[in-house]
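Subject: Handing over the two-domain model

Dear colleague,

I am passing this structure on to you, and below it you will find what I noted while going through it. Please read the notes with the structure open beside them.

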Amino acid sequence: MLLKAQEIDKSFGITHALDHVTIEIGKGDVMGLIGENGSGKSTFSSIISGIQKADSGTIVWKGQEFRPQSMVEAQVRGISIVVQEMGTVPGISVAQNIFLGNEKDFRKGLNISRKTMTRKAAELLARVGMEWVDPEEPIDRLSFEDRKLVEIARALYGSPDLFIFDETTTALSQKGRDVVYKIVEEYRQENKAVLFISHDLDELIHVSTKVTVLRDGKMVAVLGKSEMSPEKIKELMVGRKITEEYYRTDYKAEYGDEVVLRAKHLTAGSVLEDFSMELHKGEILGIGGLTDCGMHDLGKALFGLIKPLTGSVTVLPQNRQVKNAYFAIRNKIGYVPKNRDQEALDMNASIRDNITLPSLGLLTRWHMISKKKEKQFAADAIKSLRIKCSSDMQLCKSLSGGNKQKVSVAKWLGNRSKIYIFDCPTRGIDVIVKAALYQLMVQLKAQGKSIVMISEELTELIGMCDRIMILKDGKLSGTFERSKELTDHMLIQKMV
Ligand SMILES: Nc1ncnc2c1ncn2[C@@H]1O[C@H](COP(=O)(O)OP(=O)(O)OP(=O)(O)O)[C@@H](O)[C@H]1O
Ligand SMILES: [Mg+2]
């Protein structure tokens, strides 16, 4: 046995995040950890990795009592974590990020040897497939995904015996995911251990040798390899059988002739070039590709957040150009960005304020905001997406990752938008709410609303969209109509 976490208990005010949880991880285990959003996965992993302290309970690590005072201490003793949220520090270099807190290891007399640090950083970067990055370059120049890989490089430093991935793969595209899978496999073979958190059940079942299920902060089951199935895991997660449909059940592309949003010869952001598209009334239009193919910039351009260099985005029937986000909101366009921590929410504001912000116009009475309407509005959103919170006044920064994502989606649902630009809308959302969100998209479609769904999950695109446009290096490389015959493979061929 490597780790014995016994009776771990943790509360945040009235929220009982962990209720006497006991988890044991042995050598060679890849322990999957699953549970609904807000069930306590990140809280548990942050306690064993020194980020926060338990209220009670004991941790025994390699036979000795273990009370890490910080993430650095846990890492020195052999437990490393890649946290769920963005874990790099802006304004410093890649190498400084990798060795944050461990600079003393590079001390030479009174100074820190930058040369040794750079060399060691280059070695670690190579292990995560980033040999092309200069360790001295500022971290801010790297993309969201590449910064996540830098965090993996940091966690690898010191060769920990227990490696924790807290929903790391959802932040990565296939190449990055393969880096994670390779590390997991190495760890298993070297008889070390991994704690692996992911809402992707197929992935979880594939990589884990055991799976622990949490429900409402309680440990409800540990499954061995032969007992794992998506149905069983879902049932244990919520405590009842799940029969709801997942994706759309029809296989026909069906939408109106009327065009509601048009991009014409759009060149914007760093790679998107000469891209044209028409979104129809009642259509779910998928946009797919590798993460740097320009699709995320496309989302921003459609919502007026970045100005086209050439070309245009117009809303119809008025045929007016989307000049900025204010115009977009006024014209009933909603937008869920991929980067929820930096772009989607005001983390220091409450759930209620975040959700009502784009809808305040609907919530006024005699030119004043009606508190009653505002409260009801937030309550409806919290209920429809099962946002787990202590009250609607809870600050967004203290929500679990998936619940933040739900707030980011919820704020557009109530404001009667007609066009939704969803960039990776289901990132970090548990399978149960994911199904609910897909059903909601079907309802929006039936009401004649239109959705652009930008996604890195091919199964989601195939499962939900009427049409799928694939981008490659900023240019359109293929368009697919909804059909039963469509496969991942056909899309991938156009992506690479
Ligand atoms: N600092 C905090 N203040 C208040 N509540 C908190 C804080 N941190 C976590 N919580 C609450 O504790 C509960 C468990 O959160 P945790 O982040 O562990 O969930 P999770 O299982 O990781 O969920 P997800 O799948 O969404 O990442 C949630 O209800 C969350 O709102
Ligand atoms: Mg979490």
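The domain bounds used here come from an automatic or database domain assignment, and the model itself is a predicted one. That assignment divides the protein chain into domain 1 (3-238) and domain 2 (259-495), and the centres of the two domains, taken over C-alpha atoms, are separated by 30 Å.

Where the domains meet, 22 residues of domain 1 are in contact with 20 residues of domain 2. On the side of domain 1 that touches domain 2, the elements giving two or more residues are α5 (144-156) and α8 (230-238), and of these α8 gives the most, with three residues. That side of domain 1 is made up of seven nonpolar, ten polar and five charged residues.

Where does ligand 1 lie with respect to the two domains? Domain 1 and domain 2 both give residues to the shell around ligand 1, so the ligand lies between them. There are 20 residues around ligand 1, and those that come nearest are F12, S42, S398, S400 and G402. Two or more residues of the shell come from each of the elements β2 (15-25), α1 (41-48) and α14 (401-413). By class, the shell around ligand 1 holds three nonpolar, 14 polar and three charged residues.

Within domain 1, I8 is a residue to look at, and it belongs to strand β1 (residues 3-12). A residue counts as buried if 20 or more other C-beta atoms lie within 10 Å of its own, and because I8 has 25 such neighbours inside 10 Å, I8 is buried. Leaving aside residues up to four places away in sequence, I8 touches L18, V21, F44, I47, A54 and G57. The C-alpha atoms of I8 and D55 are separated by 7.6 Å, although these residues are 47 residues apart along the chain.

Strand β6 (residues 79-82) is a further element of domain 1 to look at. In a regular strand the side chains alternate between the two faces of the sheet. In β6, I79 and I81 point one way while S80 and V82 point the other way, and all of them are buried. This strand pairs with β9 (residues 162-166) in the parallel sense over four bridges, and V82 stands opposite F165 in β9.

Turning to domain 2, there is an open sheet of four strands, in the order β14-β13-β16-β17 and with antiparallel pairing. The strands β14 (272-280) and β17 (320-321) stand at the edges, each with a single partner strand, so one side of each is left without a neighbour in the sheet. Strand β13 (residues 259-268) pairs with β14 in the antiparallel sense over six bridges, and V259 has H280 in β14 as its bridge partner. Helix α9 (residues 295-302) packs on this sheet, where it touches β13, β14 and β16 (310-315), and its direction makes about 125° with that of β13.

Is D274, in the edge strand β14, buried or partly exposed? D274 lies in β14, and it counts as partly exposed because it has 13 C-beta neighbours inside 10 Å. Apart from residues up to four places away in sequence, D274 touches H265, T267 and K475. The C-alpha atoms of D274 and K264, which are ten residues apart along the chain, are separated by 7.5 Å.

With best regards

Terms used:
Residues are numbered from 1 along each chain as its sequence is written. Chains are lettered from A and ligands numbered from 1 in the order in which they are written. This is a predicted model: local features need pLDDT of at least 70, side-chain atom pairs count only at pLDDT 80 or more; totals for chains, interfaces and linings use all residues. A residue is near a molecule or strand if its C-beta atom, placed from the backbone, lies within 6 Å of it. Ala, Val, Leu, Ile, Met, Phe, Trp, Tyr, Cys and Pro count as nonpolar, Asp, Glu, Lys and Arg as charged, and the others, Gly among them, as polar. A residue is buried if 20 or more other C-beta atoms lie within 10 Å of its own, exposed if 12 or fewer, and partly exposed in between; C-beta atoms are placed from the backbone. Two residues are in contact if their C-beta atoms, placed from the backbone, lie within 7 Å. Two strands pair if DSSP finds at least two bridges between them. Axes are lines fitted to C-alpha atoms, for helices over the stretch in contact, and angles run from 0 to 180 degrees between N-to-C directions.
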